[in-house]
Amino acid sequence: MALLPILTYPDPRLHTVARPVQAVDARIRGLIADLLETMYDANGIGLAATQVDVHERLIVIDISEERNQPLVLINPEIVWASDDTQLGDEGCLSVPGIYDGVERARSIKVRALDGEGQSRELAAEGMLAVCIQHEMDHLLGKVFVEYLSPLKRNRIKNKMLKARRDTERV
Ligand code: K1U
Ligand code: ZN
């Protein structure tokens with residue numbers, strides 16, 4: 001297993017559209033293990049392959065307090081979403097230190113392959129539904145700050161670029 005470097009906004013590679021996973025083979029099982037290790041190490045509740053510069057439709061999630069209920073979604077598709085929405089603060093490991101409100105469907109149904117390559121259907125609501133929608137956006141090349149106003153997004157972009165320059169100077 002390996003810790004993978006996480007791309008940070010506004011890295012243009014975060015806007016890459018991921019292609020479907022062709023086969024759940026040893027390479028993909030290795031990537032799943034690395035994504036989970038990287039997510040747990042960063043104290044995240046989710047991570048998309050896009051964020052580690054792998055542009056295939058694969059996400060991992062664990063919203064449990066005990067951090068022992070990993071969920072692997074390969075080639076996920078939302079097959080139903082409620083009209084009812086929820087507004088909640090989101091964070092992102094690719095935009096460290098920034099939290100802001102995003103409106104999302106309150107309940108969804110998702111079809112995906114699991115880590116064994118089996119097709120599953122999952123109903124999710126609340127935080128799990130939010131996290132799945134956030135991670136699936138990454139696979140489409142979308143970062144949550146794109147839901148914010150251009151003014152907020154520009155401030156965040158400048159803050160991230162300054163933080164990157166400051167780190168490079170050390
Ligand atoms: O970078 C990511 O995509 C993971 C992201 C997932 C997420 C968090 C909150 C709302 C939607 C999606 C994170 O894990 S950010 C890390 C974080 O600060 C956090 C951890 C637990 C709960 C809430 C935020
Ligand atoms: Zn994110």
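Contact is taken here to mean heavy atoms within 4.5 Å of each other. In the predicted model, Ile-108 is placed in strand β6 (residues 107-113), and, when residues up to four places away in sequence are not counted, Ile-108 touches Ile-78, Trp-80, Ala-81, Leu-122, Ala-123, Ala-124, Ala-129, Ile-132 and Gln-133. With a relative accessibility of 2%, Ile-108 counts as buried, since the threshold for that class is under 20% relative accessible area. Between the C-alpha atoms of Ile-108 and Leu-14, which are 94 residues apart along the chain, the separation is 24 Å.

The zinc ion (ligand 2) has as its protein donors Cys-92, through SG, together with His-134 and His-138, each through NE2, at 2.1 to 2.3 Å from the ion. The angles subtended by the 4 donor atoms around the zinc ion range from 91 to 132 degrees, and the arrangement is therefore tetrahedral, the criterion being that all angles lie between 85 and 135 degrees. Along the sequence, the donor residues follow the spacing C-x41-H-x3-H. Because Cys-92 belongs to the loop between β4 (85-90) and β5 (100-105), whereas His-138 belongs to helix α2 (residues 126-139), this pair ties together parts that are 46 residues apart in sequence. Cys-92 is buried at 8% relative accessibility, and His-138 is likewise buried, its relative accessible area being 0%.

Cys-92 also figures in the description of the largest pocket, where Gly-44, Ile-45, Gly-91, Cys-92 and Leu-93 are the residues nearest the centre among the 22 that form the lining. The elements that contribute two or more residues to this lining are β4 and α2, and the largest share, 6 residues, is supplied by α2. The space in the largest pocket amounts to about 340 Å³.

Helix α1 (residues 26-41) comprises 16 residues and extends 23 Å from its first C-alpha to its last, a span close to the 22 Å expected at 1.5 Å a residue. The buried residues of α1 are Ile-28, Leu-31, Ile-32, Asp-34, Leu-35, Leu-36, Thr-38 and Met-39. In an α-helix there are 3.6 residues a turn, so residues three or four places apart point the same way. The buried residues of α1 pack against three strands, namely β1 (46-48), β2 (58-61) and β3 (71-81). Just after α1, a positive phi of about 60 degrees is adopted by Asn-43.

Definitions and conventions. Residues are numbered from 1 along each chain as its sequence is written. Chains are lettered from A and ligands numbered from 1 in the order in which they are written. This is a predicted model: local features need pLDDT of at least 70, side-chain atom pairs count only at pLDDT 80 or more; totals for chains, interfaces and linings use all residues. Side-chain values use heavy atoms; hydrogens and water are left out. Donors are N, O and S atoms within 2.8 Å of the metal (3.2 Å for Na, K and Ca); water is not among the atoms, so sites may look incomplete. Four donors count as tetrahedral if all angles lie between 85 and 135 degrees; four count as square planar and six as octahedral if opposite donors are over 155 degrees apart and all others between 65 and 115; anything else is irregular. Helices (H or I, at least four residues) and strands (E, at least two) are DSSP runs, numbered from the N terminus. Buried means under 20% relative accessible area, exposed over 50%, partly exposed in between (1.4 Å probe, protein chains only). The expected span of a helix is 1.5 Å times one less than its number of residues. On a 1 Å grid over the protein atoms alone, a cavity is a set of points where a 1.4 Å probe fits but cannot get out, and a pocket is an open set with protein on both sides within 12 Å along at least five of seven lines; lining residues have an atom within 4 Å of a point. Grid points are joined across faces, edges and corners, and a volume is the space filled by probe spheres set on the points.
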